[in-house]
Number of protein chains: 4
Amino acid sequence: MNIKTVGIIGDSAEKPELNSIAEKMGILIAKAGYTLITGGRDGVMGAASRGARSVDPRPETARVIGIMPGTDEKGSNPYLDYIIPTGVGWARNQIVVLSSDIIVAIGGGAGTLSEISYSWVYNKPILAFTGVEGWSNNLAGKVIDYKRTDPLIKVTTPEEAIKKIKEIFSDQ
Amino acid sequence: MNIKTVGIIGDSAEKPELNSIAEKMGILIAKAGYTLITGGRDGVMGAASRGARSVDPRPETARVIGIMPGTDEKGSNPYLDYIIPTGVGWARNQIVVLSSDIIVAIGGGAGTLSEISYSWVYNKPILAFTGVEGWSNNLAGKVIDYKRTDPLIKVTTPEEAIKKIKEIFSDQ
Amino acid sequence: MNIKTVGIIGDSAEKPELNSIAEKMGILIAKAGYTLITGGRDGVMGAASRGARSVDPRPETARVIGIMPGTDEKGSNPYLDYIIPTGVGWARNQIVVLSSDIIVAIGGGAGTLSEISYSWVYNKPILAFTGVEGWSNNLAGKVIDYKRTDPLIKVTTPEEAIKKIKEIFSDQ
Amino acid sequence: MNIKTVGIIGDSAEKPELNSIAEKMGILIAKAGYTLITGGRDGVMGAASRGARSVDPRPETARVIGIMPGTDEKGSNPYLDYIIPTGVGWARNQIVVLSSDIIVAIGGGAGTLSEISYSWVYNKPILAFTGVEGWSNNLAGKVIDYKRTDPLIKVTTPEEAIKKIKEIFSDQ
């Protein structure tokens, strides 16, 4: 039985409002015993990782994995338990998505948009934060194309998000 | 001096309205002596390739290259001069974009959306067809995020698109 | 501070002699508190993973990560804590190597040979088992090309290998 | 019907003996109307590309395609008709191989060795030059592992190589 994973996607720039949500999500994910997957960089990725690492005691199954675009740890945030350098550039976005059982989008620009797209084509459940600037807000509650009928799940608070995540895992 | 390339991105499903635009674009691109890049499959990709191949006489620099997700030619349309099987799944979308000097989006679902996102992060000029169903229409005239200030270039007819393409190439 | 990782590479076919070495290596790696990285499949990869998982109590830093060629867990062995599906086929061999601080080759065919090649170009320390059938034996003690002067480190027993691994980590 | 492609793999360093073979191979491949695939860089790749481009008149089907590790044309040799930047680093070696109907190895270090390995696992016919320094010589006439029974085809001159290539294409 593999450890359950939740991927958090969002911008690498530092935006306090988004980082605050991300950090709280990281805490809740770790407390629930899920492992956090991100693209390993700063901004939303760093804040979520920092949150997860701050949980004490942290469940054994609540690690932090950063899947990096480069060939080494360069550009990684300092809160990763595991660094997976892929060396495939932005194509690593596919691997972030495939490594996550559930995806949570918090704001985000073009990079995040490519990850939402991948999440869609690879049939991952996608939670999207509203009330924030970025693509998670634009797409929350919507479908990306006709190939799936389940819209991106709109969430407005970390507490609501973690509740949805637990429901999805318990349904599987 | 390398041959100039134009990438056409869009859905692999057969939608007559989109295919008709794609086929016309393929013809105009080939007539102008540009090589066509696509994801090598059917729908918009196949129609554009068919258009390019139909030009007679076809300029020597007007080839048709399909960059495939799989490890062989399976699933490719029959109009490709060159098949580049990548074996990297949807991550091939990054390579479609990087191989193209200019990107033209015609409709499109989640796969196309990931390609538009990659085009944005890799700083490619992007033309987006309006008046059709799909992501090219949703994003035409808009910016994806704050990292670029040039919106996706809105086009409504193949003739307008090829004119823009020629302008972009002559500016470079 | 990231958790130290050791990658074990070798054939996915079941060869008792190689599996026995791999399983022992997995045990020693886990006991030493290192996380095991493999390509996630059977044979040498499965045996090493089984070994690592069998350690009880297992140090918190001794997880088992399988980096898979496909887009899901299909074909994975049942001893993985984390599955990283890459969707990039054999190109995942690059990611197995990049995710590992040190590489240990046990026998191996063409897939393993590509991983040894990647380990070389990405400057990873490489331990190679002798006295077994396969590429680790052919290349132990040799250099692959002129770009590095340090030959593949020849090892004959798991005990000798873990000793070398500890030395390498303590030198860093 | 797609254009037939031959991939030439070898070192990016400039070694006169290897480059001379590569250039001659490029000429013969272009004269035969096959398109040349390489990793797009210098050394053997550059020499083969230069040879192919020098053929005058050059058959329409004899283009030169360079499949690059980076995200743009940086590091490419000046003899490419088409540049396919993959952005996936050394993982582009998989794509060089998959894009080629037949592989010709001329010398080569670790990078070339990874390409020979990929050629083997992807069931490509492989010609290997003997009488030169590097991995093509080490492996000519040998099998890489038990999964195929056809050894790497030993060749000693470009003339012999092109004869074999024509035979392989006519058998298909």
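In this predicted model, the residue of chain C that comes closest to the rotation axis is C:Glu60, with its C-alpha at 3.3 Å. The axis in question belongs to the pairing with chain A: turning chain C by 180°, with 0.0 Å of shift along the axis, lays it on chain A at an RMSD of 0.0 Å. The two copies are thus related as by a two-fold rotation axis. The surfaces fit that picture, too. Of the interface residues of chain C, 100% are also interface residues in chain A, so the copies meet through the same surface.

How big is the contact between chain C and chain A, in residues and in area? Chain C brings 26 residues to it and chain A brings 26 residues. Between them the two chains bury about 2200 Å², and carbon and sulfur atoms account for 55% of that. On the chain C side, the residues that lose the most area to chain A are C:Glu60, C:Tyr82 and C:Ile84, which together make up 25% of what that side buries. C:Glu60 therefore turns up twice, as the residue of chain C closest to the axis and as one of the three that lose the most area.

Polar links run across this interface as well. Two salt bridges are found between chain C and chain A. One of them joins A:Glu60 to C:Arg63, with the closest N and O atoms 2.9 Å apart. Counting polar contacts gives 12 residue pairs between the two chains, with both partners at pLDDT 80 or more. As for secondary structure, strand 3 (64-68), strand 4 (82-85) and helix 3 (92-98) of chain C each supply at least two residues of the side that touches chain A. Strand 4 of chain C gives the most, with four residues. Sorted by class, this side of chain C holds 13 nonpolar, nine polar and four charged residues.

Next comes the pairing of chain D with chain B. A rotation of 180° with 0.0 Å of shift along its axis puts chain D on chain B, again with an RMSD of 0.0 Å. D:Glu60 is the residue of chain D that comes closest to the axis, at 3.3 Å for the C-alpha. Here, 100% of the interface residues of chain D are interface residues in chain B as well, so these copies meet through the same surface.

The contact draws 26 residues from chain D and 26 residues from chain B. About 2200 Å² is buried between chain D and chain B, with 54% coming from carbon and sulfur atoms. Within the area that chain D buries against chain B, 24% comes from D:Glu60, D:Tyr82 and D:Ile84, more than from any other three residues. There are two salt bridges across the interface of chain D and chain B, including one in which the side chains of B:Glu60 and D:Arg63 meet at 3.0 Å, N to O. Polar contacts link 12 residue pairs of chain D and chain B, both residues at pLDDT 80 or more. Strand 3 (64-68), strand 4 (82-85) and helix 3 (92-98) of chain D each put at least two residues into the side facing chain B, and strand 4 contributes the most, four residues. The class tally for that side of chain D is 13 nonpolar, nine polar and four charged residues.

B:Thr35 offers a look at a single residue with a partner in another chain. It sits in strand 2 (residues 35-38) of chain B. Is B:Thr35 buried or exposed? Its relative accessibility is 0%, so B:Thr35 counts as buried. Leaving out residues up to four places away in sequence, B:Thr35 touches a set of residues that includes B:Ile3, B:Lys4, B:Ala62, B:Arg63 and, from chain D, D:Tyr82. A polar atom of the B:Thr35 side chain lies 3.1 Å from the backbone nitrogen of B:Arg63.

A:Lys4 is placed in the segment before strand 1 (5-10) of chain A. With a relative accessible area of 26%, A:Lys4 is partly exposed. Which residues does A:Lys4 contact, once neighbours within four places in sequence are set aside? They are A:Tyr34, A:Thr35, A:Asp101 and A:Phe169. A:Arg92 is 88 residues from A:Lys4 in sequence, and the two C-alpha atoms are 20 Å apart in space.

Note on methods:
Residues are numbered from 1 along each chain as its sequence is written. Chains are lettered from A and ligands numbered from 1 in the order in which they are written. This is a predicted model: local features need pLDDT of at least 70, side-chain atom pairs count only at pLDDT 80 or more; totals for chains, interfaces and linings use all residues. Side-chain values use heavy atoms; hydrogens and water are left out. Copies are superposed by least squares on the C-alpha atoms of residues with pLDDT of at least 70 in both. Contact means heavy atoms within 4.5 Å. Buried area is the accessible area (1.4 Å probe) that two parts lose on being put together, summed over both. A salt bridge is a side-chain nitrogen of Lys or Arg within 4 Å of a carboxyl oxygen of Asp or Glu. A polar contact is a pair of N or O atoms within 3.5 Å; within protein, one must be able to donate a hydrogen and the other to accept it, and residues adjacent in sequence count only if both atoms are side-chain atoms. Ala, Val, Leu, Ile, Met, Phe, Trp, Tyr, Cys and Pro count as nonpolar, Asp, Glu, Lys and Arg as charged, and the others, Gly among them, as polar. Buried means under 20% relative accessible area, exposed over 50%, partly exposed in between (1.4 Å probe, protein chains only).
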